[in-house]
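Me: I have a structure open that I have never seen before, and I would like to learn how to read it one feature at a time. Could you take me through it slowly?

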Amino acid sequence: LQIVLLFLASLVLFVKTMPEQEGAPGNLFRGPLFAAVMVCIGTMTLVLTVYALLVEHLNIKSAADIRAKARELHAKGAAAAKKAKDAAKKAKAKLTGRGKKKPFF
């Protein structure tokens, strides 16, 4: 699908640069419609490229693999957050002098 999208984008750009024929109506590939089509093609190409890279990198074969990878990444994130929170508490407990909070009263 990416190859087809890139082919369409290059074809549209080629047609846009062609000189207008005599007596022909205005160039269809100018204005907001052309810009919208090009943005859609570019966006779809980018999304499909990211999707293909993720599927290849994470070795995903089915929807169950996606759920398993999501759980694994969520668990890693939670563990990293807990580790960071514990490190912050430990560093705060070691504070002395000017960095230590004084009681308000």
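Me: Let me start with T45: in which helix does it lie?

Reply: This is a predicted model, and in it T45 lies in helix α2, which covers residues 32-58.

Me: Is T45 buried or exposed?

Reply: The general idea is to compare the relative accessible area with a cut-off, and buried means under 20%. T45 has a relative accessible area of 13%, so it counts as buried. In α2 the buried residues are F34, I41 and T45.

Me: What does the side chain of T45 reach, and which residues does T45 touch beyond its neighbours within four places in sequence?

Reply: The side chain reaches the backbone oxygen of I41, at a distance of 2.8 Å. Once the neighbours within four places in sequence are set aside, T45 is in contact with Q2, L5 and L6. Those three residues fall within the range of helix α1, which is residues 2-17.

Me: How many residues does α2 have, and what span should they give?

Reply: A helix can be checked by comparing an expected span, 1.5 Å times one less than its number of residues, with the distance between its ends. For the 27 residues of α2 the expected span is 39 Å, and because the end C-alpha atoms are 38 Å apart, the two values agree. After α2 comes N59, whose phi is positive, near 55°.

Me: How many helices and strands does the chain have?

Reply: The chain has three helices and zero strands, and read from the N terminus on, its elements run α-α-α. A further way to read the chain is to ask how far apart in sequence its contacting residues are: among contacts with a separation of 6 or more, 50% are between residues 24 or more positions apart.

Me: What share of the residues is buried, and what supplies the exposed area?

Reply: Of the 105 residues in the chain, 7% are buried. The chain exposes about 9,400 Å², and carbon and sulfur atoms supply 70% of that area.

Me: Which residues make a nonpolar surface patch?

Reply: V4, F7, L8, L11 and F14 make a nonpolar surface patch of about 480 Å². One of these residues, F7, is found in helix α1. The cut-off for exposed is over 50%, and F7 counts as exposed because its relative accessible area is 51%.

Me: How many salt bridges does a search of the whole structure find?

Reply: The search finds two. To read a salt bridge, one looks for a side-chain nitrogen of Lys or Arg within 4 Å of a carboxyl oxygen of Asp or Glu. K76 forms one with E72, where the closest N and O atoms are 3.5 Å apart, and the side chains of D86 and K82 meet in another at 3.2 Å, N to O.

Me: Where do the partners K76 and E72 lie, and where do D86 and K82 lie?

Reply: K76 and E72 both lie in helix α3, residues 63-93, with their positions four residues apart in the count, about one turn of the helix. D86 and K82 are likewise both in α3, four residues apart, again about one turn.

Me: Which of the partners K76 and E72 is exposed, and what of K82 and D86?

Reply: K76 is exposed, with a relative accessible area of 52%, whereas E72, at 38%, counts as partly exposed. In the other pair K82 is exposed at 53%, while D86 counts as partly exposed at 36%.

Methods
Residues numbered from 1 in each chain as written. Predicted model: local features only at pLDDT ≥ 70, side-chain atom pairs only at ≥ 80, totals over all residues. Heavy atoms only, no water. Patch = residues over 30% accessible without salt bridge, like charges linked within 9 Å, V, L, I, M, F, W, Y side chains within 5 Å. Areas by Shrake-Rupley, 256 points an atom, 1.4 Å probe, with all protein chains shown as cover. Helix = DSSP H or I, 4+ residues; strand = E, 2+ residues; numbered from the N terminus. Buried < 20%, exposed > 50% of the residue type's maximum accessible area, 1.4 Å probe, protein only. Contact = heavy atoms within 4.5 Å. Polar contact = N/O pair within 3.5 Å; in protein donor to acceptor, adjacent residues only side chain to side chain.
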